[in-house]
Amino acid sequence: MSTTVTPHIKTATLNGVATIEIARPEKKNALTQAMYTAMADAIAAAVTAREVRALLITGQPGVFTSGNDIEDFVQRPPQGEDSPVLRFMRALLECDKPVVAAVTGAAVGIGTTMLLHCDFVYVADDARLAMPFVGLGLVPEYASSLLVPQLMGPRRAAEKLLLGDPFGAEEAVACGIANAVLPPAEVLPHARRVAERFNALPPGAVRDAKALMRAPQREQVMQAIAAEAEIFTRRLRSPEAMEAFQAFFQKRAPDFSKF
Ligand code: COA
């Protein structure tokens, strides 16, 4: 077993599975630029390691991630192709090995959108997914404006993406974002067992099959990501976003009445 610990991201490879564990429970696993960089590096290392047959992404008991660190959004907004968040999402999108996610508790913002790009998603019955971008003065990201309406239809997608309504494990399974609901204590062991099944499968065939499954939509996904990123980056500096971020820091409801 090999392990690495960078602040708030723990990685370990055991029995053919590279695990990436988000570990910043005091901030509900909010993701900083340093954490995205560590996760991007971990995916790159897992892709090149011959002994790794699958990847497993998980959080802490009771919280997967509360999404992008909002202070980071203000202090260090992502810019350009080399931004850590883009590097992480690109690594996830281009990962040619199966990726399994184990989700308990909150999966907010990029916590939900990253699941759209995993191959298997197991959720605890306490999982709460949400994409509250609009309420933060932002827009959906990483092809969620394309994939969420495809998965759940435009009406339910409007609830999730325009109103930012959270939804639970059963709905995540019903719309195809997740594979199965499990009791919280069983999510990670189950996800690990699924990932370990790839030890018994031919890796070349798995890689080719995954590429074929993604190929038909690849171009559309990339176009959506580029279009979203341009608007998202601009909106991060908008007065609407500033009001939403200030409200978050001041633990009050935002006031958009003046816009
Ligand atoms: N960025 C920065 N800090 C965050 C954070 C985030 N995304 N999410 C939570 N935190 C911090 C809180 O500010 C709080 O810090 P404090 O103890 O210094 O006050 C701490 O983590 C605990 O969060 P809290 O809100 O008290 O926990 P909770 O259990 O009541 O609620 C969430 C959990 C995830 C529902 C809630 O924290 C939340 O909605 N977070 C923001 C999610 C968000 O909008 N993400 C961005 C999406 S683009």
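Q: What makes a pair of atoms a polar contact in this predicted model?
A: A polar contact is a pair of N or O atoms within 3.5 Å. The model here is predicted.

Q: How do you know that Lys251 makes a polar contact with the ligand?
A: Set the distance against the cut-off. A polar side-chain atom of Lys251 lies 2.9 Å from an oxygen atom of the ligand. The limit is 3.5 Å, so the pair counts as a polar contact.

Q: What makes Lys27 a polar contact of the ligand?
A: Its side chain does. A polar side-chain atom of Lys27 is 2.7 Å from a ligand oxygen atom. That is within 3.5 Å, so this pair counts too.

Q: Which part of Ser66 meets the ligand, backbone or side chain?
A: The backbone. One of its polar atoms is 2.8 Å from a nitrogen atom of the ligand. The cut-off of 3.5 Å is met, so Ser66 also makes a polar contact.

Q: How much of the ligand does the protein bury?
A: Taken alone, the ligand exposes 870 Å². The protein buries 64% of that.

Q: Why is Ile70 called near the ligand?
A: A residue is near if one of its heavy atoms lies within 4 Å. By that rule 15 residues surround the ligand, and Ile70 is among the closest, with Lys27, Ser66, Asn68 and Lys251. By class, this shell holds 7 nonpolar, 3 polar and 5 charged residues.

Q: How do you know which space the ligand takes?
A: The test asks for more than half of its atoms within 2 Å of the grid points of a space. The ligand's space is the largest pocket.

Q: What makes up the lining of the largest pocket?
A: There are 47 lining residues. Tyr36, Gly67, Asn68, Asp69 and Phe73 lie nearest the centre. The helices α2 (70-75), α3 (84-94), α8 (203-235) and α9 (239-249) each give at least two residues. The largest share, 7 residues, is from α8. By class, 25 are nonpolar, 9 polar and 13 charged. The pocket holds about 1000 Å³ of space.

Q: Which element gives the most to the second largest pocket?
A: Helix α8, with 10 residues. This pocket has about 680 Å³ of space. Its lining counts 28 residues, and those nearest its centre are Leu116, His117, Cys118, Asp119 and Arg214. Two or more residues come from each of α3, β8 (120-124), α5 (144-161) and α8. The classes are 16 nonpolar, 5 polar and 7 charged.

Q: Why is a space called a cavity and not a pocket?
A: In a cavity a 1.4 Å probe fits but cannot get out, whereas a pocket is open. The count is 1 cavity of 30 Å³ or more. The largest cavity has a volume of about 60 Å³, so it passes that cut-off.

Q: What makes Phe73 a lining residue of the largest cavity?
A: Lining residues have an atom within 4 Å of a grid point. Phe73 is on the list for the largest cavity, as are Tyr36 and Asn68. The lining draws at least two residues from each of α1 (33-48), α2 and α3. By class it has 6 nonpolar, 2 polar and 2 charged residues.

Conventions: Residues are numbered from 1 along each chain as its sequence is written. This is a predicted model: local features need pLDDT of at least 70, side-chain atom pairs count only at pLDDT 80 or more; totals for chains, interfaces and linings use all residues. Side-chain values use heavy atoms; hydrogens and water are left out. On a 1 Å grid over the protein atoms alone, a cavity is a set of points where a 1.4 Å probe fits but cannot get out, and a pocket is an open set with protein on both sides within 12 Å along at least five of seven lines; lining residues have an atom within 4 Å of a point. Helices (H or I, at least four residues) and strands (E, at least two) are DSSP runs, numbered from the N terminus. Ala, Val, Leu, Ile, Met, Phe, Trp, Tyr, Cys and Pro count as nonpolar, Asp, Glu, Lys and Arg as charged, and the others, Gly among them, as polar. A polar contact is a pair of N or O atoms within 3.5 Å; within protein, one must be able to donate a hydrogen and the other to accept it, and residues adjacent in sequence count only if both atoms are side-chain atoms. Accessible areas come from the Shrake-Rupley method with a 1.4 Å probe; for residues, only the protein chains shown count as cover.
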